[in-house]
Amino acid sequence: MRLAVTNIGTIVSGDWHEPFAKGDTIIASDGKIETIGSASVTEVEACDVVIDANGTTAVPGLIDSHVHITFGDYTPRQQTVGYLESYVHGGVTTAISASEVHVPGRPRDPEGVKALAVAARKCFDGYRPGGMTVHAGSVILEPDLTGNDLGEIAKKGVWLAKAGFGAFASAYEYAPLIAAARAHDMITTVHTGGSSIPGSGAITGDHLLALKPHVSFHVNGGPTAMPDKDFERIIRESDMALQICTAGNLRTALLCATLAQKLDAFDRLIVATDTPTGSGVMPLGMLYTIAHLASLAGIAPELAICAATGSNARVYRLNSGLLDAGKAADIVLIDAPDGGTQGDALSAIRNGDIAAVGAVISVGEPRFVGRSRNTPPTTRKISVTKCSMPRDFSGRY
Ligand SMILES: [Zn+2]
């Protein structure tokens with residue numbers, strides 16, 4: 001499919017160094033962005049589908065880097081079907097598994113945890129709930145696993161490893177396995193803060209600095225925060241990504257974001273939800289955290305969006321999260337919510353309102369155009385002005 005989005009008011013690039021892109025049109029084909037900026041009438045007319053953004057704001061599809069994937073579009077913790085598809089209506093086009101710990105009766109032996117990660121990874125290879133790209137299969141590090149085990153599953157496509165729910169007496173004991181996972185080119189992640197389930201133990205700054213993961217999972221607490229003094233230490237003394245989660249401690253999320261900006265580490269700040277969990281299914285979680293960062297921590301709305309898109313993509317090595325030629329055509333049109341006090345999406349976010357989602361395109365395909373079923377309606381009306389395919393993008397169910 002060849003797709004054009006025209007009349008875009010503002011383009012947020014997803015790259016925090018240069019958060020805005022010039023122009024008003026994006027053309028995508030075969031799932032990738034082909035051109036961004038301007039296009040001739042002939043180029044637009046050659047597209048199968050044309051969406052009139054009507055002055056709204058284009059942002060990269062949001063990347064939620066902490067989702068409790070299991071199998072299918074189902075969360076056992078909240079016994080809810082269809083939550084991933086619902087997150088697409090919150091502008092999320094990519095979910096990254098925080099490990100399949102919620103699978104009922106999850107195995108803890110080496111063969112079991114390996115099989116679980118490989119099966120989860122492969123189950124989502126060609127399955128896109130609601131159009132979402134799901135990176136599943138994060139191996140749960142357990143005491144009897146070896147470096148060779150990690151090498152074996154790395155060859156089968158597993159590239160995520162998670163420390164924090166294994167049956168270790170002390171969190172420091174994860175260190176050799178995290179180093180081994182890194183040696184196999186996996187992205188390593190460590191639970192941060194007080195225990196989220198009984199027996200999983202507190203993980204604080206000392207642990208993180210010793211374990212050296214790529215990502216401090218829910219650095220603001222999952223959901224219980226580590227001591228305030230540890231935030232500056234991990235920013236200054238490591239290069240790990242600082243993942244702010246909606247289902248965490250809001251005060252320390254703001255503390256960490258403010259410090260990251262002050263200490264020139266904003267590129268390491270990434271946004272996620274850590275849902276579905278005991279905190280529930282939160283289809284608009286990413287939009288809420290973006291609004292919290294912009295309205296309460298003084299972070300420019302476009303930079304908060306970059307933390308939820310391009311920065312996540314860089315940390316997790318994904319070819320998405322940026323509105324740029326060659327990147328995955330994951331495009332979300334947002335606007336000021338209808339009936340609010342602000343005139344455009346970024347002003348609304350700065351005001352603390354969540355943005356209204358008016359269209360979601362993932363891997364070059366419109367998933368719905370007009371209005372999200374989860375956000376308020378947009379102020380400006382977004383419409384499909386040409387469609388030469390037997391499809392209806394209204395998103396009505
Ligand atoms: Zn989690």
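A polar contact here is a pair of N or O atoms within 3.5 Å, one able to donate a hydrogen and the other to accept it. By that yardstick, in this predicted model, the backbone nitrogen of Gln-78 pairs up with a polar atom of the Thr-75 side chain, at 3.4 Å. Thr-75 itself sits in strand β9, which covers residues 74–75. With a relative accessible area of 0%, Thr-75 is buried, because the cut-off for that label is under 20%. Leaving aside residues up to four places away in sequence, Thr-75 touches Thr-80, Tyr-83, Pro-276 and Val-281.

Then there is the zinc ion. Its protein donors are His-66 and His-68, each through NE2, plus Asp-274 through OD, and they lie 2.1 to 2.3 Å from the metal. Along the chain, the donors follow the spacing H-x1-H-x205-D. The pair of His-66 and Asp-274 ties together distant parts of the chain, 208 residues apart: His-66 belongs to strand β8 (residues 62–67), while Asp-274 falls in the loop between β18 (269–272) and α9 (285–296). His-66 counts as buried at 0% relative accessibility, and Asp-274 gets the buried label too, at 6%.

Over to Gly-137, which is found in the loop between β12 (133–135) and β13 (138–140). Gly-137 is buried as well, its relative accessibility being 0%. Not counting residues up to four places away in sequence, Gly-137 is in contact with Ser-97, Glu-100, Ala-117, Ala-120, Arg-121, Val-158 and Leu-160. As for Phe-124, 13 residues from Gly-137 along the chain, the two C-alpha atoms are separated by 8.7 Å.

Note on methods:
Residues numbered from 1 in each chain as written. Predicted model: local features only at pLDDT ≥ 70, side-chain atom pairs only at ≥ 80, totals over all residues. Heavy atoms only, no water. Helix = DSSP H or I, 4+ residues; strand = E, 2+ residues; numbered from the N terminus. Buried < 20%, exposed > 50% of the residue type's maximum accessible area, 1.4 Å probe, protein only. Contact = heavy atoms within 4.5 Å. Donors = N, O, S within 2.8 Å, 3.2 Å for Na, K, Ca; no water.
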